[in-house]
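Here are some short exercises to work through with the model open beside you. Try each task before reading its solution.

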Amino acid sequence: MTQKNIETAVEVKNITKSYPGVTANDSVDFKVLKGEIHALVGENGAGKSTLVKILYGIEQPDSGEIFINDKPVEINKVDKAIELGIGMVHQEFHLVPSFTAAENIGLGQEPKNSRGFIDWDKLNSEVSNIAKKYGLDVDPKLRMIDASVGIQQRTEILKTLYRNANILILDEPTAVLTPQETDELFEVIRSLVDEGKTVIFITHKLREVMEISDRVTVMRDGKVQGVSDTKNTSPEELAKLMVGREVFMQVEKEKAKPTEKVLEVKNLWVHDARGLLAVKNISLDVRKGEIVGIAGVDGNGQTELVEALSGLRPTSKGEIIFDGKNIESISPRKRRRAGLAHVPEDRANTGLNLKLDIWENLVGTSYFRSPLSKGGIISMKNVVEHSNNLREKFDIRTPGVFVRTGSLSGGNQQKVVIARELSEDPLLTIASQPTRGVDIGNIEAIHKQLIEIRDSGKAVLLVSAELDEVMSVADRVAVIYEGEIVEWVNPKDVDQQQMGLYMAGIKD
Amino acid sequence: MEKFSFKDVLILFVGTIITISIAWVLLTVTGFVPREIGKLFFEGAVVGQRNILNTLNIATPYILTSIATVVSFRVGMFNIGINGSMYIGGLYAAWAGYKFTSLGHIPHVSLCIAIAIITGSLWMLLPAILKVYAGVSEIISTIILNFVAVLFVSYMANGPFRADPIAPATPRILETAELKQYFPNSQFNSGFFIAVIIAFLTYFILKKTTFGYELRSGGDGLVGFYPSRYSSYLGIPSDRSAITGMLISGGLGGLAGGIEILGNARYFYQELLFNQGFDGILIAIVGKLEPIGGLIASLFWSALRNGGLFVDYKTEVSREIVVILLSILIFFVSAQKLVSSLERFKFVRKLDAFFTRKIK
C-alpha cells in the first residue's frame, strides 16, 4: 500500500442479516481502504454474496451500519448504490447479446442530442475514451454475441465505469476465463487502481488472492475470520481460516493403475441445440482405474459431448461403447442401470429440481429400489435414513432433509448431486464441472472422492474448465477446442502456459 | 411447492379484514345494514344442518376440479381444460345412467362413475399427446377443447341422446344409477365422500409412492416449462409422466361432472352450466397446489359461496357482491410478492422460523 491509502472507501459495522433458519451475516465488520484491491474470500455459504448484495442494495441488513467514504449511508436499492459510486460485475453477465458493447454500456443512460434522440457517436466516443483510459481493450461497435467471454467481462466493467463507479465489486471474475485472459484481467484491475479506483475482488482461488490483492478478508459461517495484508499471509493460512481446519492444497494420489477399457468413443459427431456441429470427430477411451480429464474453455463442445455420453442429446455419427456394449441409442435410464453416473454442469436445472425437498433429490436414482420403496410405496423411514446417511457422508450442511433444495448454498446443492450420483457405486462417473461454485474445503473433498473412485477400480471422466483441477486430478488430459481434441497430454509434462495455448486452439 | 408458512396465514387474515371492510362500505353505500347481512352470510355458510349440507354439496365438484388442477400442474402441465372434461364426464355418466337397465345399484353407479372418469380422461388425451410429441402448448389446446366440449355435449343432448320432445335433454337416469341423497332438505349426496377420499388418495399417491414421485419430479414448480431436464436426466420417462398426469387430471374433471349428474341433476340437459373447472384452478392455487390444501380451500370457498347464496335468497343484496369479495380475497392470497415482502418485518420472520420448527 502506498501513502495515499489512508481513507476508507467502504466500511460496514456490525452487519447482521438472517434468513429463516440461517444467519448469513453475523455481526460482520468489513473495511476497504481507498485505492486498494481487497480480496473477499470464503466458502460458499460463508456470507460473501450476502455481504456484497447488501453493499449493492439488493438485500437489506437486519441491523448494522454502512459507511461509504466515511459517510453513513442507507443503501435501500441498487440505484442508490450506483449513485454512491458502487459498481458490481456479477458472475453471470447481464448483457444484451444482440447489442454492441457501447449500446450495452450506455443502456439506460444514453447521451441525448439536442433533438432528444440518442447520440450514438457521443456514446461510442465516450466508451472508447473510458476504455483507453483504463486499458480495457473493447471495440464499442462489437456485438456481444460475437465477443469472447473476456471481452464481455470487460464490457461489464466498462458499464460500471460509465456510471462513474469508484468502488468496483467483482464477483468471481476469473471463473470463466482462460489463464491468459485472467492475466489480462489482472492488468486491467491494476490500472483501475492506478486511476484511483477501489476494487473488491471475490474469489475462492487463493493463488489469485496472493497475486492480485493488497489486503484480504476471510469469511466463514457468516462471520469474519480474519483480515490481513496479503504479503503477511500464505495460501495455507487463508485456506485454514476459510475452512476452519487444515487443508491440503495439493491433491495427493498414487500413480494410476488402469486396466480394461470401460468407455470407448469412436469418431463421435454431435450437434448442439442450434443445429450446429459442436463435437467433431472425437475419439477417446477411459479405462478402469484412471481419471481422464477434458480441459478447455467453456463452450468448446464439452457440454454436448457429455450430454451425448449420458444420453441427453442424440449423436449424429459415431459410436459410444460402454462396458462392451453400444449405448449411443439407449435411454438415459438404461445407461444409468448399466453403471454410468453423471454429475451435470448445470446443477440448477438438470442435476436437481430445486423445488423438491433434499431427500427427494437424493433418491432420484434409487427411489424405485428396495428398501427405499416396496411395491411402489415409498418407505419414508428408509428414505430418511438413506438421505441422512448421504447427508452425513457427503457433509451436506442443512437443517434437515425436508428442506427445499433451492434454499441450500451452491456448494451444498452440488454435494446433493454428487452424493446421489456416487451412492450408486457406478462403473464410470462423468463429472462435468464438479466443483463449479463449490468452496475450497468441499473441492478438496470432491477431488478426494473422485480419486477414491479411481482407486477402487472404477473410471472417471472429468470435464472441467478449471485448469488447476484437471491438471491435478486427472491422469491423462485431452484439451478440447471448438469441438475437437487438440492434444492429449500427461499433466506432469506440461506447464500452465503451454496448456493455455492448447486451450486457445494453438498447437505448436 | 411453496410451503405453507405463517406469512400465508397472516396475509389471509389481513386480506379477510380488508375484504370485510370493503364489503362494509359497499353494503352501507347501497343502503343495507352490514351487521345483519354479515350475520345472514355466516348463517348461510356454516350454521344449521341444511346450510352445512349445502355447503358440502357445493364443495364436491370444487374439491375434484382443484385436485385435477393440482395433478396437472405438478407434472408441469397447465391444464385449463378441466371444465371440458366435466361436461364430457357428466354427459356420459347420464347416458350410462339411463342406458344400462338391468344392473343393481352398486354395479350401476360404479359403472357410471367409471365411464365419467374414462371419458373425461380421454378428452385430455389429445392435448397431452399434442404437447409431448408435437410441442403444441397445452394451454392453447385445452382452452379450445373447452369450447369444443360445450358444443359437443349440446349437440348430443339435442340430438342422439335427446329423449324429451319438448326440451333438449337426456332421459332421467335410473334409480339404480343415483348417488344417494341422505337428507330430505338438501341435495347433499355420497359424491362428497368420493371427493374427500380422492383428495386423501391423491395426497398419498403424490407424496408416498414411486409413481407419484415420477409424476412430480419433473414437474414440480415448473408449470408451463415441461419437459424439465431434471427428469430426463434421471432417466424418468417424463413424457409418460406428463401424459399420465393429464389423463388423471381429465379423469378427475370427468368424475366431478359425473357426480354432479348422478347426485344432483339426475339428467343431462343442453343448458346445463358448469364452471367449477375454472374455479378449481383458482382454488388449487389458493391451496398451494397440495391435494389437502385444495380440499380445505374448496370447503372455504363453498362456505363463502353458500353464504352469498343465502344472503341473496333472504335479502335484496346482489349475489355478485360475493363474487367481488371472493375475488378480492383471492387477490391477497395469491399475491406471492406481498407474502415475501412481509419478510422485512422482524416479528414475521421470527414467527415464521418458530412455526417452521414446530412443523418439522
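Helices and strands here are DSSP runs, numbered from the N terminus, with at least four residues for a helix and at least two for a strand. Keep in mind that this is a predicted model.

**Exercise 1. Find where A:Asn14 lies, and say what its phi is.**

Step 1: Locate the residue. A:Asn14 belongs to strand 1 of chain A, which covers residues 8–19.
Step 2: Check the backbone. Its phi is positive, about 60°, although A:Asn14 is not a glycine.
Step 3: Count neighbours. A residue is buried with 20 or more other C-beta atoms within 10 Å and exposed with 12 or fewer. A:Asn14 has 13 within 10 Å, so A:Asn14 is partly exposed.

**Exercise 2. Repeat this for A:Asn69: is A:Asn69 buried or partly exposed?**

Step 1: A:Asn69 sits in the loop between strand 4 (63–68) and strand 5 (71–73) of chain A.
Step 2: Its phi is positive too, near 50°.
Step 3: A:Asn69 has 16 C-beta neighbours inside 10 Å and therefore counts as partly exposed.

**Exercise 3. Compare the span of helix 6 of chain A with the expected value, then work out where its buried residues point.**

Step 1: Helix 6 (residues 179–194) has 16 residues, and 22 Å is expected at 1.5 Å a residue. From first to last C-alpha, helix 6 of chain A reaches 23 Å, close to that value.
Step 2: List the buried residues: A:Glu181, A:Thr182, A:Leu185, A:Ile189 and A:Leu192.
Step 3: These residues cover an arc of only 100° around the axis, so they lie on the same side of helix 6 of chain A. Here is the background: an α-helix has 3.6 residues a turn, so residues three or four places apart point the same way.
Step 4: Look for what they pack against. The partners in chain A are strand 3 (37–42), helix 5 (149–162), strand 7 (167–171), strand 8 (198–203) and helix 7 (206–212).
Step 5: Step past the helix end. Just after helix 6 of chain A, A:Gly196 has a positive phi of about 95°.

**Exercise 4. Trace the open sheet of six strands in chain A and find which strands stand at its edges.**

Step 1: The strand order is 6-7-8-3-9-10, with mixed pairing.
Step 2: Strand 6 (86–89) and strand 10 (223–229) of chain A stand at the edges; each has a single partner strand, so one side of each is left without a neighbour in the sheet.
Step 3: From one strand to the next, the twist averages 20°.
Step 4: Zoom in on one pair. Strand 9 (residues 215–220) and strand 10 of chain A run antiparallel and are joined by six bridges. One of the bridge partnerships is A:Val218 with A:Gly226.
Step 5: Add the helix from the previous exercise. Helix 6 of chain A packs on the sheet and touches strand 3, strand 7 and strand 8 of chain A. Its direction makes about 150° with that of strand 8 of chain A.

**Exercise 5. Describe the side of chain A that touches chain B.**

Step 1: Count the contacts: 25 residues of chain A are in contact with 22 residues of chain B.
Step 2: Helix 10 (332–337), helix 11 (347–351) and strand 18 (377–378) of chain A each supply at least two residues of this side. Helix 10 of chain A gives the most, with three residues.
Step 3: Sort this side of chain A by residue class: eleven nonpolar, eleven polar and three charged.

Definitions and conventions:
Residues numbered from 1 in each chain as written. Chains lettered and ligands numbered in written order. Predicted model: local features only at pLDDT ≥ 70, side-chain atom pairs only at ≥ 80, totals over all residues. Contact = placed C-beta atoms within 7 Å. Nonpolar A, V, L, I, M, F, W, Y, C, P; charged D, E, K, R; others polar. Expected span 1.5 Å × (residues − 1). Arc of directions from axis to C-beta. Pairing = 2+ DSSP bridges. Axes fitted to C-alpha atoms, helices over the stretch in contact; angles between N-to-C directions.
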